[in-house]
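Trainee: I have a model open and some terms to sort out. Can we take them one at a time?

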Amino acid sequence: MLALGSQHVKRGRPGAPNVGGMANTLQDSRVASTLERMYTASQDQMSLLQERRADFDRPMTAVERTAAMSEFFIPVTPEAGQLLYALVRATRPETVVEFGMSFGISAIHLAAAVRDNGIGHVVTTELSDTKIAAAKQTFAEVGLDDVITVLAGDALSTLAGLDRPVNFVLLDGWKDLYLPVIELLQPALSSGAVVVADNTESPDLRPYLDYVRDPGNGFVSFNFPVRATDSMELSCWTG
């Protein structure tokens, strides 16, 4: 079983501004500057990503896809990051699970909310050793490493070791694995758990969307746009 350590965390380690007694770690200078740097690097990669898109469309194994994308951020948008922060603040989950960490932009938003809630832990998954090393260094630099556990390897194996209820899930890895991942996690979902799936305009997500939109599978689900050509699916587990 996976041991995550204490669920209760101290507030304010990153030294976030405290307005009216309310902390917002996203406004901490280290966190804000790091996110700005990462988003800028992501934008700088877009032309190269477009040039190499044809290389990614061919059939590949998970290991091959991971290697091909090892240098690219492909993050949630800043607005989606703010949404994730707000949802975690509002729902106060004890265990947040992220499928697909990449370089850690979304994990920082999730962990900042956990920090400011004063309770909880983020469990994130990643297959790329390059991204894991970089993200762990970043988490330490922004002072959020104590509320994040990184699981290295195939998520369908590493997440099988969770030994506690899961209250919040972000799906942002390989799109064809969203359904297997949520089916794996479903027995551990607490009643009312929130599941957020990014990039739901991808054709690979149709089986996942069909699943969470079927009331017989225990979810209440709706879709909303997060950018001009893409959307997120927000689902609540009612089991």
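Mentor: Yes. Start with a residue pair: Thr125 stands opposite Leu151 in E5. Keep in mind that this model is predicted.

Trainee: How do you know that strand E4 and E5 pair?

Mentor: Two strands pair if there are at least two bridges between them. Strand E4 (residues 121–126) is joined to E5 by five bridges. So E4 and E5 count as paired. The two run parallel.

Trainee: What does helix H7 touch in the sheet?

Mentor: Helix H7 (residues 129–141) packs on the sheet and touches E4 and E5. Its direction makes about 170° with that of E5.

Trainee: What is the strand order in the open sheet?

Mentor: The seven strands run in the order E5-E4-E3-E6-E7-E9-E8. The pairing is mixed.

Trainee: What makes strand E5 and strand E8 edge strands?

Mentor: Strand E5 (148–152) and strand E8 (219–227) each pair on one side only. From one strand to the next, the twist averages 15°.

Trainee: Which strands does helix H5 lie across?

Mentor: Helix H5 (residues 78–91) lies across strand E6 (166–171), strand E7 (189–197), E8 and strand E9 (230–237). H5 runs at about 175° to E6.

Trainee: Now a single residue. Why is Thr34 called buried?

Mentor: Buried means under 20% relative accessible area. Thr34 has 8%, so Thr34 is buried. Thr34 is found in helix H1 (residues 29–44).

Trainee: Which residues does Thr34 touch, not counting those up to four places away in sequence?

Mentor: Thr34 touches Ile108, Thr138 and Val142.

Technical notes: Residues numbered from 1 in each chain as written. Predicted model: local features only at pLDDT ≥ 70, side-chain atom pairs only at ≥ 80, totals over all residues. Heavy atoms only, no water. Helix = DSSP H or I, 4+ residues; strand = E, 2+ residues; numbered from the N terminus. Buried < 20%, exposed > 50% of the residue type's maximum accessible area, 1.4 Å probe, protein only. Contact = heavy atoms within 4.5 Å. Axes fitted to C-alpha atoms, helices over the stretch in contact; angles between N-to-C directions.
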